[in-house]
Amino acid sequence: MTMTYEEYAAKRPVDAASRERINAHKERMLAEVRAYRLRELREQAGLTQTQLAERIGVGQRQVSKIERGDLDNAKIGTIRNYLEAVGGGLAVEYVLGDQRIQVA
């Protein structure tokens, strides 16, 4: 039987500082996975970073940042344009526990 992270953490309690480091590491890993997937989608669309940047009206550096998972300073419109340029779309959800509400 597979355990969720929360179940595993409950069975093996750690101090608050360790939990913070674990959560930060988990977020970095998830960002890397998401970034790899974005690059993969762009490549499947047959586009270079420069070509995609031209299509969505940003510099190649911005596309590179998005693909590295550096989304803190990216505008939501830029991310939406990126996803549309590779053939998809953007959905934004409010998540609280098991509850998910699509807001955009």
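Let me start with Ile66 and what surrounds it: leaving aside the neighbours within four places in sequence, Ile66 is in contact with Leu38, Leu71, Ala74, Thr78 and Tyr82. Please keep in mind, as you look at the structure above, that this is a predicted model. Ile66 has its place in helix H4, and at 1% relative accessibility it counts as buried, because the cut-off for buried is under 20%. There is also a distance here that you may like to find for yourselves: Ile66 and Arg39 are 27 residues apart in sequence, while their C-alpha atoms are 9.1 Å apart in space.

Now, what is the relative accessible area of Val63, which also has its place in helix H4? The value for Val63 is 0%, so this residue is buried. If we again leave aside the neighbours within four places in sequence, Val63 is in contact with Gln49, Leu52, Ala53, Ile56, Val58 and Tyr82. Tyr82 therefore appears in the contact list of Ile66 and in that of Val63 as well. For a distance of another kind, take Val63 and Ala16, which are 47 residues apart in sequence and 36 Å apart in space, from C-alpha to C-alpha.

These two residues bring us to the nonpolar core. The largest nonpolar core has 13 residues, and those with the most contacts inside it are Leu38, Leu52, Ile56, Val63, Ile66, Tyr82 and Leu83. Which helices each supply at least two residues of this core? They are helix H3, covering 49-56, helix H4, covering 60-67, and helix H5, covering 76-85. The largest share comes from H5, which gives four residues to this core. As a general remark, nonpolar side chains in soluble globular proteins tend to be buried together.

While we are in helix H5, let me point to Gly77, which has its place there. Gly77 is partly exposed, with a relative accessible area of 28%, and that value falls in this class because it lies between the 20% limit for buried and the 50% limit for exposed. Gly77 and Ile56 are 21 residues apart in sequence, and from C-alpha to C-alpha they are 9.6 Å apart in space.

Let me turn to the charged side chains. In general, side chains of opposite charge can pair when their charged atoms come close. The structure holds four salt bridges, and I would like to go through some of them, beginning with Arg37 and Glu40, whose closest N and O atoms are 2.4 Å apart. Why are Arg37 and Glu40 separated by about one helical turn? The reason is that they are three residues apart in helix H2, which runs over residues 16-44. Arg37 counts as partly exposed, at 41% relative accessibility, and Glu40 also counts as partly exposed, at 24%.

The next salt bridge joins the side chains of Glu67 and Arg42, at 2.5 Å from N to O. This pair links distant parts of the chain, since Glu67 is in helix H4 and Arg42 is in helix H2, with their positions 25 residues apart in sequence. Are these two residues buried or exposed? Glu67 counts as buried, at 7% relative accessibility, and Arg42 is buried too, with a relative accessible area of 6%.

A further salt bridge is formed by Arg100 with Glu93, where the closest N and O atoms are 2.7 Å apart. Here Arg100 counts as exposed, at 54% relative accessibility, whereas Glu93 is partly exposed, with a relative accessible area of 41%.

Finally, we come to the pockets. The largest pocket has a volume of about 210 Å³. Of the 10 residues that line this pocket, those closest to its centre are Arg34, Leu71, Ile79, Leu83 and Leu90. Which elements give two or more residues to the lining? They are H2 and H5. When the lining is sorted by class, we find eight nonpolar residues, one polar residue and one charged residue. Two of the names may already be familiar to you: Leu71 is in contact with Ile66, and Leu83 is among the residues with the most contacts inside the largest nonpolar core.

How values were computed
Residues numbered from 1 in each chain as written. Predicted model: local features only at pLDDT ≥ 70, side-chain atom pairs only at ≥ 80, totals over all residues. Heavy atoms only, no water. Core = buried A, V, L, I, M, F, W, Y, C linked by side-chain atoms within 4.5 Å. Buried < 20%, exposed > 50% of the residue type's maximum accessible area, 1.4 Å probe, protein only. Contact = heavy atoms within 4.5 Å. 1 Å grid on protein atoms, 1.4 Å probe; cavity = no way out; pocket = protein on both sides within 12 Å on 5 of 7 lines; lining within 4 Å. Points joined across faces, edges and corners; volume = space filled by probe spheres on them. Nonpolar A, V, L, I, M, F, W, Y, C, P; charged D, E, K, R; others polar.
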